[in-house]
Amino acid sequence: MHGAEVTEAVRRVTESGWYLLGNEVAAFEHEYAAYIGSPHAIGVGNGLDALTLIFRAYMEMGEMKPGDEVIVPSNTYIASILAVSENGLKPVLVEPDPATMQLDWRRIEGAVTTRTKAVMPVHLYGRCAFTDQIAFICSKYGLKLIEDNAQAHGCLYHGRHTGSLGDAAGHSFYPGKNLGALGDGGAVTTGDPELAATVRALANYGSERKYVFRYRGRNSRLDEIQAAVLRAKLPHLDADNDLRRRVAARYYSEIRNSEVTLPYTAAGETLGERVAGSVWHIFPIRSPRRDELQQWLAEQGVQTLIHYPIPPHKQECYKEWSSMALPISEAIHREELSLPISPAMTDEEVSTVIKAVNAFG
Ligand SMILES: *Cc1c(COP(=O)(O)O)cnc(C)c1O
């Protein structure tokens, strides 16, 4: 998508000969912060680093210490959880609402302890996971609200973009995300100037001034070429998300199969509007016969993915959690299937998917 503008952006950087920490990153940070509606944006190397650096910065600022707890959704992508454990913090898995598949605010208070320091809603599949109740619980217990916005660029919650709703947010620009670069990229957004400065220093070897090191930092930079590409694509993000909504609207109106449950939509949440709902990073249907359905669709030429086949608590890297019972997450991981959705899909491709799903029996 947007090939000519992307090529021009790459050419501009290669001709300038300036590849790191230059004008493109500074301009993208400015433009992305304005788009999200957050006072500060800091470009970093990828989405996992963005989330990891937020927690690391809070630790440097004395707001969190090793062993403190962070509430995360139990059905998220592993990166959300890695960002917590990487810092010596303890991820506390909380089950999602079975309908929306998003972090269930009703279960959060029961998981809060004296060591809880933050809640991390993940806007999974492109759908807003933030609710006023989550914000209320965070303020009641003095918890940071950190958004994982890797899958939801452009998603709105009552007119405000996800990524601007809490204390800080991590964003990924992995090529397959709604706003994707030509390689790895990420950003942190926040309204807190101290957090912004600390993340910026940590991502630059821990330095605020050249050759003076305040923290034991790392190197996590968004490079100039990726920033230029993202600047070319950002003005098209809303229109691209509208194209995703059009595909979703056809799936809702034309898929008819009792073996399949379409993603939940709340009453009054219409697909065409930008007020609520989803930017459809993924179109997650569910079926008790998921594996058979996936096989059938593949035979009809429709490639699907599973987000995700193994829940985090059943992964080898967190084997200490293997005996936990998280039945809602386990059911999602057993039943979820992601139908193709992208701004580049043709009407004919969408029809092929619909026909193939409807013919499954
Ligand atoms: C993609 C993703 C990340 C990580 O982003 P990378 O840029 O790949 O490191 C984090 N959280 C979620 C929910 C993601 O989908």
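In which handedness of crossing does helix 8 pass helix 11? Helix 8 passes helix 11 in a right-handed crossing. Bear in mind as you look around that this is a predicted model.

**The helix pair**

Let's stay with these two helices for a moment. Two packed helices are described by the angle between their axes and the distance between the axes. Here, helix 8 covers residues 237–254 and helix 11 covers residues 347–358. Their axes come within 10 Å and cross at roughly 30°. Angles under 35 degrees count as roughly parallel, and helix 8 and helix 11 are therefore roughly parallel to each other.

Who does the touching? On the helix 8 side, the contact is made by Arg246, Val247, Arg250, Tyr251 and Glu254. Helix 11 brings Asp347, Val350, Ser351, Val353, Ile354 and Asn358. Sort the residues of this contact by type and you get 5 nonpolar, 2 polar and 4 charged.

**The sheet**

Now for the strands. There's an open sheet of 7 strands, with mixed pairing and the order 1-9-8-5-4-2-3. At its edges sit strand 1 (40–44) and strand 3 (90–94), each of which pairs on one side only. Going from one strand to the next, the twist averages 25°.

Two of the pairings in this sheet are worth a look, and here they are side by side.

| Strand pair | Direction | Bridges | A residue pair |
|---|---|---|---|
| strand 2 (residues 69–73) and strand 4 (residues 116–119) | parallel | 3 bridges | Val70 and Ala118 |
| strand 4 and strand 5 | parallel | 2 bridges | Val119 and Leu145 |

So much for the pairings; next come the helices that lie over these strands. Helix 4 (residues 78–85) lies across strand 2, strand 3 and strand 5, and runs at about 145° to strand 3. Helix 5 (residues 132–141) lies across strand 4 and strand 5, running at about 145° to strand 5.

**A closer look at strand 5**

Strand 5 spans 144–148, and it has turned up under both of those helices. Why is strand 5 described as largely enclosed by the rest of the structure? The reason is that 5 of the 5 residues of strand 5 are buried, where buried means under 20% relative accessible area.

In a regular strand the side chains alternate between the two faces of the sheet. In strand 5, Lys144, Ile146 and Asp148 are on one side, while Leu145 and Glu147 are on the other. Both faces are covered, and these residues are all buried. Leu145 is also the bridge partner of Val119.

Note on methods. Residues are numbered from 1 along each chain as its sequence is written. This is a predicted model: local features need pLDDT of at least 70, side-chain atom pairs count only at pLDDT 80 or more; totals for chains, interfaces and linings use all residues. Side-chain values use heavy atoms; hydrogens and water are left out. Axes are lines fitted to C-alpha atoms, for helices over the stretch in contact, and angles run from 0 to 180 degrees between N-to-C directions. Helices (H or I, at least four residues) and strands (E, at least two) are DSSP runs, numbered from the N terminus. Angles under 35 degrees count as roughly parallel, over 145 as roughly antiparallel, 65 to 115 as roughly perpendicular and the rest as oblique. A crossing is left-handed if the near helix is turned anticlockwise from the far one by less than a right angle, and right-handed if clockwise. Contact means heavy atoms within 4.5 Å. Ala, Val, Leu, Ile, Met, Phe, Trp, Tyr, Cys and Pro count as nonpolar, Asp, Glu, Lys and Arg as charged, and the others, Gly among them, as polar. Two strands pair if DSSP finds at least two bridges between them. Buried means under 20% relative accessible area, exposed over 50%, partly exposed in between (1.4 Å probe, protein chains only).
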